[in-house]
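Visitor: Hi! Could you walk me through this one? I'm new to it.

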Amino acid sequence: MPSKPADADLPPTSACSSPPCYAAEFPGYFGEGAEAVSQVVIDGLNALLEAERAGAKVLAILRDGLDTRSAQRPLLERLQKDEGANAVRLYKTICRLGGVASHDTGAFVHKTLAVDGLDARLAFLNKGQAWVVRKIDQVLPDLKDDAAREMLVEMRVSHLDNIAACEALLAGG
């Protein structure tokens, strides 16, 4: 009597590697069909990420150098939180777009701390904020991802608001 094959009693297999793995049924799950993001865009986003990290760090140093009762402290606290939140959003966006996010911090920290006096540092900080606005303007035309574009537009507006707030503080308002 002929023997039957060892796998004759096993159920038939499906196209998926495991029964709960239905990812193949969701187009785009594995990144296929996603629009490729150029390295130029990723580099621009990483430059912004490094600048935001530097801004968050410098603002924390400036804030912590003030008396806790200082009238300037709440503004620096708000600006520092903005910069930190922007860094997180940029990091996540770069990763979502398939890029490799930088772990560096821009040289802006050392440049700002080399300036003497809080007012002069805040004026220099505004130059850095304006640089970020210009860099966003450079990156936006090449960025096709709607969520990333929206995030950068919001970031641009917040930097313009922060520049105005610093100018008002420097003017004594």
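Guide: Happy to! A good place to start is lysine 127, which is exposed, with a relative accessible area of 59%. Keep in mind that this is a predicted model.

Visitor: Which helix is lysine 127 in?

Guide: Lysine 127 sits in helix α4.

Visitor: And how far apart are lysine 127 and isoleucine 163 in space?

Guide: Their C-alpha atoms are 8.6 Å apart, while in sequence the two residues are 36 residues apart.

Visitor: Switching topic: what about arginine 73, buried or exposed?

Guide: Arginine 73 counts as buried because its relative accessible area is 19%, and the cut-off for buried is under 20%. You'll find arginine 73 in helix α2.

Visitor: What is arginine 73 in contact with, leaving aside its neighbours within four places in sequence?

Guide: Arg63, Asp64, Leu66, Asp67 and Thr68.

Visitor: Now the inside. Which residues touch the most other members of the largest nonpolar core?

Guide: Those are Leu45, Leu48, Leu90, Ile136, Leu152 and Met155, out of 20 residues in that core. Helices α1 (39-64), α2 (73-96), α4 (118-139) and α5 (146-170) each give two or more residues to this core. The largest share, 6 residues, comes from α1.

Visitor: Is there a second core to look for, and what is in it?

Guide: Another core lies apart from that one, with 14 residues, including Leu66, Val109, Leu122 and Leu125.

Visitor: Back to leucine 90, what does it touch?

Guide: Not counting residues up to four places away in sequence, leucine 90 touches Leu45, Leu48, Leu49, Glu52, Met151, Leu152 and Met155.

Notes:
Residues are numbered from 1 along each chain as its sequence is written. This is a predicted model: local features need pLDDT of at least 70, side-chain atom pairs count only at pLDDT 80 or more; totals for chains, interfaces and linings use all residues. Side-chain values use heavy atoms; hydrogens and water are left out. A nonpolar core is a set of buried Ala, Val, Leu, Ile, Met, Phe, Trp, Tyr and Cys residues joined through side-chain atoms within 4.5 Å. Buried means under 20% relative accessible area, exposed over 50%, partly exposed in between (1.4 Å probe, protein chains only). Helices (H or I, at least four residues) and strands (E, at least two) are DSSP runs, numbered from the N terminus. Contact means heavy atoms within 4.5 Å.
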